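Please open the structure in the viewer and keep the selection panel at hand. The tour below proceeds from one selection to the next.

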Amino acid sequence: PYYSFILNATSAPTISYYDYIIVGGGTAGCPLAATLSQNASVLLLERGGSPYGNPNITNLSKFGAALSDPSPTSPSQRFISEDGVINARARVLGGGSCLNAGFYTRASLEYIRAAGWDGRLANKSYHWVERRVAFEPQMGPWQSAVRDGLLEAGVLPNNGFTYDHIKGTKVGGTIFDREGNRHTAADLLEDANPGGLTVLLHATVYKILFATKGPKPVAHGVIYRDASGAKHRAYLKRGLKNEIIVSSGALGSPQLLMLSGVGPAQQLRAHNITVVLDQPMVGQLMSDNPMNAIFVPSPLPVEVSLIQVVGITQYGSYIEAASGENFGGSPQRDYGMFSPKIGQLSTVPPKQRTPEALAKAIELMNNLDQQAFQGGFILEKIMGPISTGHLELRTRHPEDNPSVTFNYFKEPQDLQRCVEGISTIEKVIDSRPFSKFKFDYMSVPQLLNMTANAPVNLLPKHYNSSQSLEDFCKDTVMTIWHYHGGCQVGSVVDHDYKVMGVDALRVIDGSTFNLSPGTNPQATVMMLGRYMGVNILRERLASEDLAN
């Protein structure tokens, strides 16, 4: 779509004034801005560019191309956690919805109740998102075999196609349409009021400005720089309900709070940042749901598919799958969302995933026989997780990645859920419906060993049958990009997402989550942007009615 209100930040005035300033045009920021623009003046600041016209973002067949681009202008910014797992964060209008594997599924009713959300408004907000970006996928033979294998493995009942999170096996939604075109959170800006919204691209926010004379610090503006490095200031107009809202994601939101003086005082002083509010929980309770997968070479060609089927087990593990003959088609010779080109390297333990190891894996992959790419990955990710870590500043530059530790499998229950998930995958692989998509001579221990010892070899020479599933989980852990926390409800923000201890500042995005919602979070992050936009406008209108 063509949006008249999207501009490059170089064209912005040096000083400007708005009712709301939103930092981060991602999965939450876009629906939030579209909603608030109906009844207020809104500035949305996005550090990246536009997703439109970039086939690496919009085409299903190009999945992984954006994630494997390490350049400074890439829509994806790579980071490596202190655990050693290679990961990515979005740098584009639409956020993670421009980079992910597209699966669209809601949070459970229990999650919605625990979050304290109004069920009716949450449901309406999901519907508002879905009419723009969610579709029913076309199921091919390989995904159908995974579905039927899950049912035979006891992940029951068969819930058919649904966006809802229900125990059993289901086909979920996708943000890819029938032509393979991706629809992102940026598409939700089609519902914006063009007269009420300004979106600035390549606008990197350096800090939030606070007035500190009253009883509480009050957020009243931001400093941002455009692509040429020129500095701009945007301020809130006078008005009791005007606010700055941070929607910069699980890394960006706690990072920006710290850069602005809200965070652990000792850490801020170490970086010569003036302390506005000593808030020790900013950057704490960071989590990333660990993902582990098994590659199953197929004697038959398989369709190119990203996540379509999910098995929601009783024990807290979610089973999903992705396939492809040559994973994205010629000339890409890689494994899509499991490719070393995007940093996924399960063949060495996390701390050993060096640039050299990645380069070697890519070289080996490029020299593989064509048939080695024929097949699919069946993965499991655990719910929660229970294990948590923390985030710290490395520098005072907002474009630099902070240091983040997730502590994968620190809690024994997380590890147990992975083991049970891998055991379920074994049953799917050995099931009757899946039998035509695996070689008879390949046992599950061989497949485990092959997955852990790339390059993929259709005739493994040896395998370590003594390796425990616990060790397999720890050694082959990867990310599924569902990291969250750092500004959690109850510790940094209240149940209205207002930052505790300061005024006129909220955080609305995945950094506020205590647990990852549903099997895949993007639907709920978009819903939350819409949901909170409606609530904030209701508050605004109520205060205006009182004033009148």
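Select cysteine 418 and cysteine 473 in this predicted model; a disulfide joins the two, with an S to S distance of 2.0 Å. The structure holds one disulfide. As background, such a link is a covalent bond between the sulfur atoms of two cysteines. Extend the selection to the elements on either side: cysteine 418 belongs to helix α9 (residues 412-429), while cysteine 473 belongs to helix α11 (residues 469-475). The pair is 55 residues apart and links distant parts of the chain. A dihedral drawn about the S-S bond gives -95 degrees, and the link between cysteine 418 and cysteine 473 is left-handed. Switch on the surface, and both partners prove to be buried, cysteine 418 as well as cysteine 473.

Next, select cysteine 30 and cysteine 98. Why does cysteine 30 form no bond with the closest cysteine sulfur? The closest sulfur, in cysteine 98, is 7.8 Å from that of cysteine 30, and this is too far for a bond, because a disulfide requires sulfur atoms within 2.5 Å. Cysteine 98, likewise, is in no disulfide. Cysteine 30 has 0% relative accessibility and therefore counts as buried; cysteine 98, at 1%, also counts as buried.

The next stop concerns the peptide backbone. Most residues other than glycine have a negative phi, and most peptide bonds are trans. Select leucine 156 and proline 157: the peptide bond between them is cis, with omega near 0 degrees. Proline 157 is located in the loop that runs between α5 (141-152) and β8 (158-161). Then move to glycine 384 and proline 385, which are joined by a cis peptide bond with omega of about -5 degrees. Here the loop holding proline 385 lies between β22 (375-382) and β23 (389-392).

Two residues with positive phi follow. Select histidine 202, a residue other than glycine whose phi is positive, near 55 degrees. Histidine 202 sits in the loop between β11 (197-201) and β12 (204-211). Is this side chain's residue, histidine 202, buried or partly exposed? Its relative accessibility is 32%, so histidine 202 counts as partly exposed. Now select asparagine 272, for which phi is also positive, near 55 degrees. Asparagine 272 occupies the loop between α7 (265-270) and β17 (277-278). At 63% relative accessibility, asparagine 272 counts as exposed, because the cut-off for that class is over 50%.

Finally, clear the selection and view the whole chain in a cartoon representation. How many helices and strands does the chain contain? There are twelve helices and 26 strands. The radius of gyration is 23 Å, close to the 24 Å that the globule rule gives for 548 residues, so the chain is as compact as a globular protein of that length. Along the principal axes, the C-alpha atoms fill a box of roughly 75 × 45 × 40 Å.

Colour the chain by accessibility: of the 548 residues, 62% are buried. The chain exposes about 20600 Å², of which carbon and sulfur atoms supply 51%. A contact map complements this view: among contacts between residues at least 6 apart in sequence, 74% join residues at least 24 apart. To end the tour, display the charged side chains; the mean positions of the 47 positive and 48 negative charges are 5 Å apart.

Key:
Residues numbered from 1 in each chain as written. Predicted model: local features only at pLDDT ≥ 70, side-chain atom pairs only at ≥ 80, totals over all residues. Heavy atoms only, no water. Helix = DSSP H or I, 4+ residues; strand = E, 2+ residues; numbered from the N terminus. Buried < 20%, exposed > 50% of the residue type's maximum accessible area, 1.4 Å probe, protein only. Rg over C-alpha atoms; globule rule 2.2 N^0.38 Å. Contact = heavy atoms within 4.5 Å. Areas by Shrake-Rupley, 256 points an atom, 1.4 Å probe, with all protein chains shown as cover. Lys, Arg positive; Asp, Glu negative; His and termini not counted. Charge placed at Lys NZ, Arg CZ, Asp CG, Glu CD.
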